[in-house]
Amino acid sequence: MAYHSPVSTGLSGRCPKCGEGALFKGFLKFNENCESCGADFTMEDAGDGPAFFVMTIVMFVFIPIVIGFQFLTDAPGWLVFVIWGPILVLACVGLLRPFRGIMFNMQWVRNAQQVRAKDFKKPDFKKQNED
Ligand SMILES: [Zn+2]
């Protein structure tokens, strides 16, 4: 099977396995499986990762612009909030879907899974003490 870049398939919202089927059912909700190849997306667990990256990127890009706008125009705080608040929210919401897609597809390609308590073996302290 051909390799599909997790970044390109994530940006386009496509299946990480076949690169064809839709990854999303709604705006941010994932499909249960790929309609093209049947890949199972139920283990999807991007968590807060995409939101963290989106907030960080938006902050680094927009906050200097907002502060520069404030200094250049000497606009009152409420006006800065009214102008830039919706822009910041739209930037975050707009970037969230592609970042969710990229993060999930990278997890898929690397076969990354959440570590669970059942995956650990109980340490055998008796045996350690005998040595
Ligand atoms: Zn697929």
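**Salt bridge, zinc site and core**

User: Which side chains meet in a salt bridge at 3.0 Å, N to O?

Analyst: This is a predicted model. A search of the whole structure finds 1 salt bridge. Its N to O distance is 3.0 Å, and the side chains that meet there are E32 and K25.

User: Are E32 and K25 buried or exposed, or in between?

Analyst: Buried means under 20% relative accessible area, and exposed means over 50%. E32 has 44%. K25 has 45%. Both values lie between the cut-offs, so E32 and K25 are each partly exposed.

User: Which residues coordinate the zinc ion?

Analyst: Look for the sulfur atoms around the metal. Each donor is an SG atom, at 2.2 to 2.3 Å from the zinc ion. Along the chain, the donors follow the spacing C-x2-C-x15-C-x2-C. The residues are C15, C18, C34 and C37.

User: What arrangement do the 4 donor atoms make around the zinc ion?

Analyst: Check the angles. Four donors count as tetrahedral if all angles lie between 85 and 135 degrees. Here the angles are 108 to 111°, which makes the arrangement tetrahedral.

User: How many disulfides does a search of the whole structure find?

Analyst: A disulfide is a covalent bond between the sulfur atoms of two cysteines. The zinc ion is coordinated by SG atoms of cysteines, including C15 and C18. For disulfides, the search of the whole structure gives a count of 0.

User: C18, C34 and C37: which counts as partly exposed?

Analyst: The cut-off for buried is under 20%. C34 is at 3%, so C34 counts as buried. C18 is at 12%, so C18 counts as buried too. At 29%, the partly exposed residue is C37.

User: How many residues make up the largest nonpolar core?

Analyst: In soluble globular proteins, nonpolar side chains tend to be buried together. The largest nonpolar core here includes the zinc donors C15, C18 and C34. Also among its members are L23, F24, F30, A39, F41 and F104. The total is 9 residues.

User: Which core residues does C15 touch, not counting residues up to four places away in sequence?

Analyst: Start with the contacts of C15. They include T9, E20, G21 and C37. Now match the contact list to the core. The residues on both lists are L23, C34, A39 and F41.

User: Which residue has a positive phi although it is not a glycine?

Analyst: Go to the loop between helix 2 (49-73) and helix 3 (77-110). The residue there is exposed, with a relative accessible area of 63%. Its phi is about 55°, and the residue is D74.

Methods
Residues are numbered from 1 along each chain as its sequence is written. This is a predicted model: local features need pLDDT of at least 70, side-chain atom pairs count only at pLDDT 80 or more; totals for chains, interfaces and linings use all residues. Side-chain values use heavy atoms; hydrogens and water are left out. Donors are N, O and S atoms within 2.8 Å of the metal (3.2 Å for Na, K and Ca); water is not among the atoms, so sites may look incomplete. Four donors count as tetrahedral if all angles lie between 85 and 135 degrees; four count as square planar and six as octahedral if opposite donors are over 155 degrees apart and all others between 65 and 115; anything else is irregular. Buried means under 20% relative accessible area, exposed over 50%, partly exposed in between (1.4 Å probe, protein chains only). A salt bridge is a side-chain nitrogen of Lys or Arg within 4 Å of a carboxyl oxygen of Asp or Glu. A nonpolar core is a set of buried Ala, Val, Leu, Ile, Met, Phe, Trp, Tyr and Cys residues joined through side-chain atoms within 4.5 Å. Contact means heavy atoms within 4.5 Å. A disulfide is a pair of cysteine sulfur atoms within 2.5 Å. Helices (H or I, at least four residues) and strands (E, at least two) are DSSP runs, numbered from the N terminus.
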